[in-house]
Amino acid sequence: MQKSEAMETIAENIALLLEDRGWTQAQLASKTKIARPNISRIISGQENLSIERAERIANAFGLTLSDLLNKNLKNLLAVA
């Protein structure tokens, strides 16, 4: 399955945020009520992400959906 550019950005940002926060995929799964295997498949591009799930993930990190789609999120986290 080929990931869209938006899905690729979201997947990269989720992985980045997990590392930045020191969270495991299991912790994110617990906060979002999305099964851990699904989190793993979303990050690896094996599963598409609905808008509703993307919002739940963004909210878990205290971000907006727009933040999760931001290609410069890595740079913004480095400044914070």
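1. Threonine 32 belongs to helix α2, residues 25-32; helices here are DSSP runs of H or I with at least four residues, numbered from the N terminus. With a relative accessibility of 4%, threonine 32 counts as buried, a term that means under 20% relative accessible area, while exposed means over 50% and partly exposed lies in between (1.4 Å probe, protein chains only). A polar atom of the threonine 32 side chain lies 2.9 Å from the backbone oxygen of leucine 28. Outside its neighbours within four places in sequence, threonine 32 is in contact with Ile39, Arg56, Ile57 and Ala60, contact meaning heavy atoms within 4.5 Å.

2. This is a predicted model, in which local features need pLDDT of at least 70 and side-chain atom pairs count only at pLDDT 80 or more, while totals for chains, interfaces and linings use all residues. Residues are numbered from 1 along each chain as its sequence is written, and side-chain values use heavy atoms, with hydrogens and water left out.

3. The pLDDT, the predictor's confidence in each residue from 0 to 100, averages 92 over the chain, and 95% of the residues score at least 70. Among the elements of the chain, α2 has the highest mean, 98, and helix α6 (residues 73-79) the lowest, 79.

4. The largest nonpolar core has 20 residues, of which Ile14, Leu28, Ile57 and Phe61 touch the most other members. Such a core is a set of buried Ala, Val, Leu, Ile, Met, Phe, Trp, Tyr and Cys residues joined through side-chain atoms within 4.5 Å. Two or more residues each come from α1 (5-21), α2, α3 (36-44) and α4 (51-60); α1 gives the largest share, five residues. Setting aside neighbours within four places in sequence, isoleucine 14 is in contact with Leu28, Ile42, Ile43, Ile57, Phe61 and Leu68.

5. Isoleucine 43 is placed in helix α3 and counts as buried at 18% relative accessibility. Not counting residues up to four places away in sequence, isoleucine 43 touches Lys3, Ala11, Ile14, Ala15, Leu18 and Gln25. From isoleucine 43 to alanine 58 the C-alpha to C-alpha distance is 14 Å, with their positions 15 residues apart in sequence.

6. One aromatic pair is present in the structure. Tryptophan 23 and phenylalanine 61 form this pair, which is stacked, with 4.8 Å centre to centre and 10° between the planes. Tryptophan 23 is in the loop between α1 and α2, and phenylalanine 61 is in the loop between α4 and α5 (65-68), so the pair ties together parts 38 residues apart in sequence. Both tryptophan 23 and phenylalanine 61 are buried. Rings of Phe, Tyr and Trp (its six-membered ring) pair if their centres lie within 6.5 Å; planes under 30 degrees apart count as stacked, over 60 as edge-to-face and the rest as tilted.

7. The ring of tryptophan 23 also has the charged end of lysine 31 over it, 4.7 Å from its centre. A charge sits over a ring if NZ of Lys or CZ of Arg is within 6 Å of the ring centre and within 35 degrees of the ring normal.

8. Lysine 33 lies in the loop between α2 and α3 and counts as exposed at 67% relative accessibility. Its phi is near 60°, a positive value in a residue other than glycine.

9. Asparagine 13 is in helix α1 and is buried, with a relative accessible area of 5%. Beyond residues up to four places away in sequence, asparagine 13 touches Asp67, Leu68, Leu69, Asn70 and Leu73.

Terms used: A polar contact is a pair of N or O atoms within 3.5 Å; within protein, one must be able to donate a hydrogen and the other to accept it, and residues adjacent in sequence count only if both atoms are side-chain atoms.
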